[in-house]
Structure formats: structure tokens, C-alpha cells
Amino acid sequence: MGQAKRAEQERIENEEAAWAAVCRSKGFVCLVCGEYPLKAEREIYFETKLCGYHAHMVERSKEE
């Protein structure tokens, strides 16, 4: 793995760790599984209070 790729991976991991700390301090957890939502799923979480997976499953069940 190149140095630039390693640096990018480290940046992403640091951002995700910072987001997890915010989730812990503010109690942001999925109402179904109790896991912290991923940083990339923030919008979904704030709309549904669910992680991306469970929000998807709810939407999928509505279509059936």
C-alpha cells in the first residue's frame, strides 16, 4: 500500500473514530440493533433513528 493510500485510510479511520465518540456522548444508536451509525449514514440516522441496514430493511418491507 502506498504512503498516500495509507494516509487516506488513516484519515478515514480517525474521522470514523471521532464520529463514534460523538455517537457515544450523544446517545446516537440504532433503535433496532443498538449500534452506532456509520458517519456516512448520518443523514439516514437523523431521518429514521436507524442504522443504514435497518432503514433499508424497513423500506424494503414497505415495498412488499
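# Group meeting: salt bridges and helices in a predicted model

Let me start with one contact. Lysine 39 and glutamate 15 meet through their side chains in a salt bridge, 3.0 Å from N to O. That pair links distant parts of the chain. Lysine 39 sits in the loop between helix 1 and helix 2, glutamate 15 sits in helix 1, and 24 residues separate them. Keep in mind that this is a predicted model.

How exposed are the two partners? Lysine 39 is partly exposed, at 23% relative accessibility. Glutamate 15 is partly exposed too, at 31%.

Now stay with glutamate 15. Its side chain also meets that of arginine 11 in a salt bridge, at 2.5 Å from N to O. These two are four residues apart in helix 1, so about one helical turn separates them. Arginine 11 has 38% relative accessibility and counts as partly exposed.

Put those pieces together and you get a network. Glu8, Arg11, Glu15 and Lys39 are linked by salt bridges.

How many salt bridges are there in the whole structure? The search finds four. One of them is in helix 3, between glutamate 59 and lysine 62. Their closest N and O atoms are 3.3 Å apart. The two residues are three apart in sequence, about one turn of the helix. Glutamate 59 is partly exposed, with a relative accessible area of 44%. Lysine 62 is exposed, at 59%.

Next, the overall fold. What are the elements? The chain has three helices and zero strands. From the N terminus, the order is α-α-α. The radius of gyration is 15 Å, and the globule rule gives 11 Å for 64 residues, so the chain is more spread out than a compact globule. Along the principal axes, the C-alpha atoms fill a box of roughly 45 × 30 × 15 Å.

What does that leave inside? Of the 64 residues, 19% count as buried. The chain exposes about 5000 Å², and carbon and sulfur atoms supply 53% of that area.

A word on contacts. Take those between residues at least 6 apart in sequence. Of these, 7% join residues at least 24 apart.

And on charge. The chain has 10 positive and 12 negative charges. Their mean positions are 5 Å apart.

Two more residues to look at on the screen. First, leucine 31. Where is it? Leucine 31 lies in the loop between helix 1, residues 3–26, and helix 2, residues 42–48. Is leucine 31 buried or exposed? It is exposed, with a relative accessible area of 65%. Leaving out residues up to four places away in sequence, leucine 31 touches Lys49 and Leu50. Compare its position with isoleucine 44: the two are 13 residues apart in sequence, and their C-alpha atoms are 13 Å apart in space.

Second, histidine 54. This residue lies in helix 3, which covers residues 52–63. Why does histidine 54 count as buried? Because its relative accessibility is 18%, and the cut-off for buried is under 20%. What does histidine 54 touch? Its contacts are Cys30, Val32 and Cys33, again leaving out residues up to four places away in sequence.

To recap. Three helices, zero strands. A salt-bridge network of Glu8, Arg11, Glu15 and Lys39. An exposed leucine 31 and a buried histidine 54. Thanks, and over to you.

Key:
Residues are numbered from 1 along each chain as its sequence is written. This is a predicted model: local features need pLDDT of at least 70, side-chain atom pairs count only at pLDDT 80 or more; totals for chains, interfaces and linings use all residues. Side-chain values use heavy atoms; hydrogens and water are left out. The radius of gyration is taken over C-alpha atoms; the globule rule is 2.2 Å times the number of residues to the power 0.38. Buried means under 20% relative accessible area, exposed over 50%, partly exposed in between (1.4 Å probe, protein chains only). Contact means heavy atoms within 4.5 Å. Accessible areas come from the Shrake-Rupley method with a 1.4 Å probe; for residues, only the protein chains shown count as cover. Lys and Arg count as positive and Asp and Glu as negative; His and the chain ends are not counted. The place of a charge is taken as NZ of Lys, CZ of Arg, CG of Asp or CD of Glu.
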